[in-house]
Amino acid sequence: MARSSAAASPCDLDREFAPQIAQLLATPPLQSAQEYYDELIQSKKHDGIRVNYNGEHGKGVFANKDFDEDDLILKDQMLVGAQHSLNKIDCTVCSYCFRFIGSIEFQIGQRLYLQSIGSSIGCHSERHCHGSESGSSTDSPAATEGNSDTLPQEVIESLITGETSLPFSDHFALPEIVSCHGCDEERYCSQSCANSDWESYHSLLCAGSNTEPSRRSALHKFIEHANGTNDIFLVAAKTITFTLLRYKKLKKHPDFQAGSNFSLLMEAWKPFSMGFKKRWWDYIALPEDVDASGEDSFRQEIRDLAFKSLQLLKDAIFDAECAPLFSLEVYGHIIGMFELNNLDLVVASPVEDYFIHIYDLPDDEKDEAEKVTMPIVDALGEDYSVNCDGTAFFPLQSCMNHSCCPNAKAFKRDEDNDSHAVIIALGPISKGDEITISYIDEDLPYEERQAELADYGFTCTCSKCQEEKPN
Ligand SMILES: [Zn+2]
Ligand SMILES: [Zn+2]
Ligand SMILES: [Zn+2]
């Protein structure tokens, strides 16, 4: 399915910086990649694993010690990620570590409030546009619909402000909200998350009152376009800002004084150079309602959509020293990286735990508590609690190869309440074994598994597939 784009690129930077772009997108030399992973594993103290290269599958993650069933193999910190736009209606989380923040009351009140105004600002059409234009294999999640109008607005407000407190909610205390000092958009669980976000991404993406007006309005346009089309553009923008800010930091560092600007950019980009990438519009599966004759124009539409997004981003944060980073070619590959690596960001909602706690109370206490909580559950509707979900790039999890009979899985335990990817052993694993996870539902029949894996660009030859392969 890999193809080269039929029409010439609309992006001047693609032509002007072709050799630099080719270097940015080239697979890193084996030795430098091995060094990168060795250093990463050492600095994060992930003693249980190592990343190795072999001919067959490129790189893979291998056990560096024995594991038993249910053992924790790895907690992988993401490099960059974002909550889906529509999910922001359902959960309020720290914009850096994605922990739920505020209080149980705030989570519920805020969601009911946003749902009530959401239905009047027409997020339904946005939802449609989302799915069809992304053309991605992962369906963009929709905000849920509740019955927020069954609860008086005053009650909703008093939940948000904290005037109303729900029974037993003190058992589920959440970190107090720290807002970005510039904008109302980003909120955090702590000052340290606010600072880290500012240093890594947000100082370039903050559209608050401290930002220069022309840049601010450009950022608003970029964000609006992403929210209305595909929020993968927001993660792509964070990838670019992360690299830019790292570049600026390296430039001040005495060890790097001698290097050229481009060699510094290569160094700043290194964590992303490791990720497997393809050009987004070349490989995404055709939506079912597009037939073969419409393929070229569909792919060109996707490319134009990305180009439009990139133009808006450039208006806001373009930096001539890092010009190749702003090429359509690099932008398309960054988006492709997120789409290809099967990396969902999920954080379980404490609201669920709260209502389960109420449900499990002894009868007399339960009756008393439910007088208060039942109308709220009704107002929230069927999906009374929704997890935080989004897209993220995890540097080590993304090195794990697929198997339809995996020996590990991504699984969040009760204590895993932030954005780390958590990998757990499904059975005993011996030192030296490759650690594999399943990218898809491995219980599907052979043909369906292979069809889904084709989206990731490979044919699976795991032992289960070899057994089930029709002759
Ligand atoms: Zn945080
Ligand atoms: Zn801000
Ligand atoms: Zn398989």
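The chain comprises 18 helices and 12 strands in this predicted model. With 471 residues, a compact globule would be expected to have a radius of gyration near 23 Å, and the value of 23 Å computed for the chain agrees with this. The C-alpha trace spans about 70 × 60 × 55 Å along its principal axes. Of the 471 residues, 40% count as buried. Among contacts between residues at least 6 apart in sequence, 76% join residues at least 24 apart.

Nonpolar side chains tend to be buried together in soluble globular proteins. The largest nonpolar core of the model holds 96 residues, and the residues with the most contacts inside it are Cys94, Phe222 and Ala236. Helix 10, which covers residues 232-252, gives the most to this core, with 10 residues. Apart from this core lies another, of 14 residues, including Leu159, Tyr354, Ala379 and Leu380. When residues up to four places away in sequence are not counted, alanine 236 touches Tyr331, Ile334 and Ile335.

Two helices were examined in detail. Helix 14 (328-340) has 13 residues and reaches 18 Å from its first C-alpha to its last, close to the 18 Å expected at 1.5 Å a residue. Helix 14 is mostly covered, as 13 of its 13 residues are buried. Helix 13, formed by residues 295-317, has 23 residues and an end-to-end C-alpha reach of 33 Å, close to the 33 Å expected at 1.5 Å a residue. The buried residues of helix 13 are Arg299, Ile302, Arg303, Ala306, Ser309, Leu310, Leu312, Leu313 and Ala316. An α-helix has 3.6 residues a turn, so residues three or four places apart point the same way. The buried residues of helix 13 pack against helix 9 (213-228), helix 10, helix 12 (280-283) and helix 14.

Among the strands, pairing occurs in several arrangements. Strands of a sheet pair through backbone hydrogen bonds, either parallel or antiparallel. An open sheet of four strands has the order 1-2-12-9, with mixed pairing. Strand 1 (49-54) and strand 9 (401-402) stand at the edges of this sheet, each with a single partner strand, so one side of each is left without a neighbour in the sheet. Strand 9 runs parallel to strand 12 (residues 434-437), and two bridges join them. Asparagine 401 has threonine 436 of strand 12 as its bridge partner.

Three strands form another open sheet, in the order 3-11-10, with antiparallel pairing. Strand 3 (72-76) and strand 10 (408-410) are the edge strands, and each pairs on one side only. From one strand to the next, the twist averages 20°. Strand 3 and strand 11 (residues 421-425) run antiparallel and are joined by four bridges. Within this pair, leucine 72 has isoleucine 424 in strand 11 as its bridge partner.

Strand 7 (residues 344-347) contains leucine 345. Four bridges join strand 7 to strand 8 (residues 388-393), and the two run antiparallel. In this pairing, valine 346 stands opposite aspartate 389 in strand 8. In a regular strand the side chains alternate between the two faces of the sheet. Along strand 7 this alternation separates Leu345 and Val347, which point to one face and are buried, from Asp344 and Val346, which point to the other and are not. Leucine 345 counts as buried because 24 C-beta neighbours lie inside 10 Å. Not counting residues up to four places away in sequence, leucine 345 touches Met78, Gly81, Phe98, Asp389, Gly390, Thr391, Ala392 and Ser419. By contrast, histidine 202, 143 residues apart from leucine 345 along the chain, has its C-alpha atom separated from that of leucine 345 by 19 Å.

One of the residues touched by leucine 345 is Phe98, which lies in the loop between helix 4 (87-90) and helix 5 (104-121). Phenylalanine 98 has a positive phi of about 70° although it is not a glycine. With 26 other C-beta atoms within 10 Å, phenylalanine 98 is buried. A positive phi, of about 65°, is also found at phenylalanine 168, likewise not a glycine. Phenylalanine 168 is placed in the loop between helix 7 (153-161) and strand 5 (178-179). Its surroundings hold 15 other C-beta atoms within 10 Å, so phenylalanine 168 is partly exposed.

Definitions and conventions: Residues numbered from 1 in each chain as written. Chains lettered and ligands numbered in written order. Predicted model: local features only at pLDDT ≥ 70, side-chain atom pairs only at ≥ 80, totals over all residues. Core = buried A, V, L, I, M, F, W, Y, C linked by C-beta atoms within 7 Å. Buried ≥ 20, exposed ≤ 12 C-beta atoms within 10 Å, placed from the backbone. Contact = placed C-beta atoms within 7 Å. Rg over C-alpha atoms; globule rule 2.2 N^0.38 Å. Expected span 1.5 Å × (residues − 1). Pairing = 2+ DSSP bridges. Axes fitted to C-alpha atoms, helices over the stretch in contact; angles between N-to-C directions.
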